[in-house]
Amino acid sequence: MKLLNVSYIKKGRMIGFFDKFPHSKVLFSRVKKYYFVSTVYWDERDQVVTRADLEKMELLLNNYFGTEAYYKNRKAMSD
């Protein structure tokens with residue numbers, strides 16, 4: 001999966017577009033120093049989004065913004 005485009009919207013949130021889901025938009029919100037998926041505006045022309053897909057999207061976006069280290073060190077990863 002590849003990150004195609006990112007658009008800034010209000011209050012530190014981002015919309016991401018991915019090649020695996022070309023018709024769906026993914027809303028990211030910022031928590032502390034990294035981004036996570038808050039909503040997927042899924043289009044039925046795309047395949048179903050799995051939890052593994054969501055994690056890959058988060059990793060790609062955080063890598064794009066240089067916050068990958070914060071994302072990987074978050075509390076959820078240590079559980």
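**Note on a four-strand sheet with helices**

1. Val-31 stands opposite Tyr-34, a residue of strand S4. The model is predicted, and this note should be read with that in mind. Ser-29 also has a facing residue in S4, namely Phe-36. These two pairs belong to the pairing of S3 (residues 21–31) with S4 (residues 34–41). Seven bridges join S3 to S4, and the two strands run antiparallel. Strands of a sheet pair through backbone hydrogen bonds, in parallel or antiparallel fashion.

2. The link from S3 to S4 comes next. The two strands make a hairpin, with two residues between them. Lys-32 sits in that turn. Its phi is positive, about 55°, although Lys-32 is not a glycine. Is Lys-32 buried or exposed? Lys-32 is exposed, because its relative accessible area is 75% and the cut-off for exposed is over 50%.

3. Move one strand back. S2 (residues 14–18) is joined to S3 by four bridges, and the pair runs antiparallel. Ile-15 can serve as a marker here: its bridge partner in S3 is Leu-27. S2 and S3 also form a hairpin, again with two residues between the strands.

4. Now the start of the sheet. Strand S1 covers residues 3–8. Five bridges tie S1 to S2, and these strands run antiparallel. Asn-5 pairs across to S2, where its bridge partner is Phe-17. The S1–S2 hairpin has five residues between its strands.

5. Lys-11 deserves a look. It lies in the loop between S1 and S2. What is the phi of Lys-11? It is near 55°, a positive value in a residue other than glycine. As for cover, Lys-11 is exposed, with a relative accessible area of 77%. The positive phi of Lys-11 falls in the turn of the S1–S2 hairpin, and that of Lys-32 in the turn of the S3–S4 hairpin.

6. Put the strands together. What is the order of the four strands in the sheet? It is S1-S2-S3-S4, in an open sheet with antiparallel pairing. S1 and S4 stand at the edges; each has a single partner strand, so one side of each lacks a neighbour in the sheet. From one strand to the next, the twist averages 30°. In a regular strand, side chains alternate between the two faces of the sheet.

7. Helix H1 is the next element to inspect. H1 spans residues 51–65 and lies across S1, S2, S3 and S4. Against S4, H1 runs at about 135°. H1 has 15 residues. Its first and last C-alpha atoms are 21 Å apart, close to the 21 Å expected at 1.5 Å a residue. Just after H1 comes Gly-66, with a positive phi of about 75°.

8. Which residues of H1 are buried? They are Asp-53, Leu-54, Met-57, Glu-58, Leu-60, Leu-61 and Asn-62. Note that Asp-53, Glu-58 and Asn-62 are on this list, alongside Leu-54, Met-57, Leu-60 and Leu-61. What do the buried residues of H1 pack against? Their partners are S1, S2, S3, S4 and helix H2 (68–72).

9. Step back to the whole chain. It holds three helices and four strands. Along the sequence, the pattern is β-β-β-β-α-α-α. The radius of gyration is 12 Å, close to the 12 Å that the globule rule gives for 79 residues, so the chain is as compact as a globular protein of that length. Taken along the principal axes, the C-alpha atoms fill a box of roughly 35 × 30 × 20 Å.

10. Some totals for the chain remain. Of the 79 residues, 33% are buried. The accessible surface comes to about 5,300 Å². Carbon and sulfur atoms account for 51% of that surface. Take the contacts between residues at least 6 apart in sequence: 30% of them join residues at least 24 apart.

11. To check the model by eye, begin with the S1-S2-S3-S4 order of the sheet. Then find Lys-11 in the loop between S1 and S2, and Lys-32 in the loop between S3 and S4. Finish with H1, which lies across S1, S2, S3 and S4.

Notes. Residues are numbered from 1 along each chain as its sequence is written. This is a predicted model: local features need pLDDT of at least 70, side-chain atom pairs count only at pLDDT 80 or more; totals for chains, interfaces and linings use all residues. Side-chain values use heavy atoms; hydrogens and water are left out. Two strands pair if DSSP finds at least two bridges between them. Buried means under 20% relative accessible area, exposed over 50%, partly exposed in between (1.4 Å probe, protein chains only). Axes are lines fitted to C-alpha atoms, for helices over the stretch in contact, and angles run from 0 to 180 degrees between N-to-C directions. Contact means heavy atoms within 4.5 Å. The expected span of a helix is 1.5 Å times one less than its number of residues. The radius of gyration is taken over C-alpha atoms; the globule rule is 2.2 Å times the number of residues to the power 0.38. Accessible areas come from the Shrake-Rupley method with a 1.4 Å probe; for residues, only the protein chains shown count as cover.
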